[in-house]
Amino acid sequence: MKRIYAFDFDGTLTDKDTLPAFIRFAKGGIRMAAGFLYFSPLIVLMKLHLYPNWKVKQQVFSWFFKGMEAGVFDRLCLSFARQNPQLLRPEGVATVKRILGEPETAVVVISASIDNWVRPFFDGFGGKVQVLGTQIEVADGLLTGRFTSRNCYGQEKVNRLTALYPHRKDYRLTAFGDSRGDRELLAYADRGFYKPFRNGETECGK
């Protein structure tokens, strides 16, 4: 039976959230601080579950990147990944490499982050890692600031995985996550690991 391994990205395979890190890389610390200060009331409401996560995320992304040429954005994403390999947890990288060496396995990284900057982190894995992330809209070669997919968070992670692998009885699923946004994916898996690749890793009960 085929085995699928699904990994969250931010906080699971990385040691921090990559959205602020990417914004700092692309726009600098001062502009990043100004943007997050501007959106701080909405961020507080989001933390209190009074405003949708995806709306805050899209507004923040739009504030920083709306109108940027798509090619420029993609080059920034590639440079970000190449210049920040230390963001990846060594034990997580070693686990992915080990799995890729096994027969009848597939590795999927499912992230709420924009897939444009997640995917380049796995360029050195021989094209064997599939990345499912939040996707952005481009019109006339420019970023519109909007998303073309649902924010890849919560149940949407399960939806995206089942769209790729719809025949659930044909494979065993192992999932790795570290936050509320991974709860549904961990519950859907045959085996789920919460906060892996660090002290205090736990296997979710079924």
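Which residue takes a positive phi just after H4? In this predicted model, that residue is glycine 67, with a phi of about 90°. The helix before it, H4, covers residues 53-65. Its 13 residues reach 18 Å from the first C-alpha to the last, close to the 18 Å expected at 1.5 Å a residue.

H4 also puts a good handful of its side chains under cover. Val56, Lys57, Gln58, Val60, Phe61, Phe64 and Phe65 are buried there, so the list takes in a lysine and a glutamine along with valines and phenylalanines. As background, an α-helix has 3.6 residues a turn, so residues three or four places apart point the same way.

Zooming out, the protein chain holds nine helices and eight strands. Its radius of gyration comes to 17 Å, close to the 17 Å that the globule rule gives for 206 residues, so the chain is as compact as a globular protein of that length. Along the principal axes, the C-alpha trace spans about 50 × 40 × 35 Å.

As for packing, 48% of the 206 residues count as buried. Of the contacts with a separation of 6 or more, 62% link residues 24 or more positions apart.

That leaves the surface and the charges. The protein chain exposes about 10,600 Å², and carbon and sulfur atoms supply 53% of that area. On the charge side, the tally is 30 positive and 21 negative side chains, and the centres of these two sets lie 3 Å apart.

Definitions and conventions
Residues are numbered from 1 along each chain as its sequence is written. This is a predicted model: local features need pLDDT of at least 70, side-chain atom pairs count only at pLDDT 80 or more; totals for chains, interfaces and linings use all residues. Side-chain values use heavy atoms; hydrogens and water are left out. Helices (H or I, at least four residues) and strands (E, at least two) are DSSP runs, numbered from the N terminus. The radius of gyration is taken over C-alpha atoms; the globule rule is 2.2 Å times the number of residues to the power 0.38. Buried means under 20% relative accessible area, exposed over 50%, partly exposed in between (1.4 Å probe, protein chains only). Contact means heavy atoms within 4.5 Å. Accessible areas come from the Shrake-Rupley method with a 1.4 Å probe; for residues, only the protein chains shown count as cover. Lys and Arg count as positive and Asp and Glu as negative; His and the chain ends are not counted. The place of a charge is taken as NZ of Lys, CZ of Arg, CG of Asp or CD of Glu. The expected span of a helix is 1.5 Å times one less than its number of residues.
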